[in-house]
Amino acid sequence: MNKCLHCGIRIADQTDVCPLCQCVVDVDEDTPEAERYPDIRLKGRKLELIGRIVLFLDIVLGALAVLVNYMQEGTIWWSGIVVGGLGYMLLILFFFIENEHAGYRSKALTGVACGAAYMVLIDYILGFRHWSLNYGIPSALMIMDVMIVAVMFVNLRNWQSYLLFQIFMILCSGVCVLLSLFGVIERPLMSYTAFGVSIVLFLAAFIIGGRRARNELKRRFHVM
């Protein structure tokens, strides 16, 4: 790393003059080439290595769980819960941590959807008593509603961009209401509650937001 004898600063770039005082810099020949410029790919390579290690461990643990479950000759395939949990951990690692291009909204939707599917899987393996449909999924939807409102307060400058997200939550909770009408969800109280919470929060944002909310919906749905 070069050093300006006049300013006393160290310069990472391979320039002959100081960018501050325009004096000739002192070239430090002892500095290795690798230290002159930071390796910006180092973090990515570390995450890839950690991901491969976790993937290997998940495969080994999943196979071991299936083998032990098979040797026990039990009626409950608890190894499916283990494999599903390991798969959910891989999703969090690769999609949530390593994937920097995915937005936080898509990450939240993917996380909730896969978490709901994992709850249904656990319920099915343990005898499918419908607790995942009656309570688990509606509770997850209400948690998402609360998270959306919290993010709106955090990002007050662009809070109206979350209106479309709220509409999506209304549709999701509406599916739960439809499932309760067809008898798939046996205890519909939580489903109706989640549907009502989604509608109330959307109406509150739309009415209080006023013109900004209306303009956002017009822009999203191309309404003149």
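# A tour of the predicted model

Start with the largest nonpolar core: it has 25 residues, and I137, M152 and L163 touch the most other members. A nonpolar core here is a set of buried Ala, Val, Leu, Ile, Met, Phe, Trp, Tyr and Cys residues joined through side-chain atoms within 4.5 Å. Buried means under 20% relative accessible area, exposed over 50%, and partly exposed in between (1.4 Å probe, protein chains only). Colour by helix next: α4, α5, α6 (163-181), α7 (189-209) and α8 (211-221) each supply at least two residues of this core. With eight residues, α5 gives the most to the core.

The model is predicted, with local features needing pLDDT of at least 70 and side-chain atom pairs counted only at pLDDT 80 or more, while totals for chains, interfaces and linings use all residues. Residues are numbered from 1 along each chain as its sequence is written, and side-chain values use heavy atoms, with hydrogens and water left out.

**Whole chain**

Zoom out to the full protein chain, which has eight helices and two strands. Helices (H or I, at least four residues) and strands (E, at least two) are DSSP runs, numbered from the N terminus. Read from the N terminus, the order of elements is β-β-α-α-α-α-α-α-α-α. The chain has 224 residues, of which 30% count as buried. About 14,800 Å² of the chain is exposed, and carbon and sulfur atoms supply 69% of that area. These areas come from the Shrake-Rupley method with a 1.4 Å probe; for residues, only the protein chains shown count as cover. Of the contacts between residues at least 6 apart in sequence, 50% join residues at least 24 apart. Contact means heavy atoms within 4.5 Å.

**Select I137**

Return to I137, one of the core residues with the most contacts to other members. Leaving aside neighbours within four places in sequence, I137 is in contact with A116, M119, V120, S132 and C176.

**Select α5 and α7**

Two packed helices are described by the angle between their axes and the distance between the axes. For α5 and α7 the angle is about 15° and the axes are 8 Å apart. Axes are lines fitted to C-alpha atoms, for helices over the stretch in contact, and angles run from 0 to 180 degrees between N-to-C directions. Angles under 35 degrees count as roughly parallel, over 145 as roughly antiparallel, 65 to 115 as roughly perpendicular and the rest as oblique. The helices α5 and α7 are therefore roughly parallel to each other.

Their crossing is left-handed. A crossing is left-handed if the near helix is turned anticlockwise from the far one by less than a right angle, and right-handed if clockwise.

To see the interface, show L133, N134, Y135, P138, S139, L141, M142, D145, V149 and M152 on α5; they meet M190, S191, T193, A194, V197, S198, L201 and A205 on α7.

Now pick two residues from this interface. D145 sits in helix α5 and is buried, at 4% relative accessibility. Not counting residues up to four places away in sequence, D145 touches M169, A194, V197, S198 and L201. On the other side, S191 lies in helix α7 and is buried, at 0% relative accessibility. Apart from neighbours within four places in sequence, S191 is in contact with L133, P138, S173, C176, V177 and I185.

**Select α8 with its partners**

Keep α7 and add α8: their axes come within 5 Å and cross at roughly 115°. The two helices are therefore roughly perpendicular to each other. F202, A205, F206 and G209 of α7 make the contact with R211, R212, A213, R214 and L217 of α8.

Swap α7 for α6. The angle between α6 and α8 is about 75°, and their axes are 10 Å apart. That makes α6 roughly perpendicular to α8. Here L163, L164 and I167 in α6 meet A213, E216, L217, R220 and F221 in α8.

**Select the loop before α5**

Which residue in the loop between α4 (104-125) and α5 (131-154) is a place to stop? F128 is in that loop, with a phi near 50°, a positive value in a residue other than glycine. Most residues other than glycine have a negative phi. F128 is partly exposed, at 30% relative accessible area. H130 lies in the loop between α4 and α5 as well, and its phi is also positive, near 70°. H130 is buried, with a relative accessible area of 17%.

**Last stop: A63**

Select A63 in helix α2 (residues 42-72). A63 is partly exposed, with a relative accessible area of 47%. Add V83: A63 and V83 are 20 residues apart in sequence and 8.4 Å apart in space, C-alpha to C-alpha.
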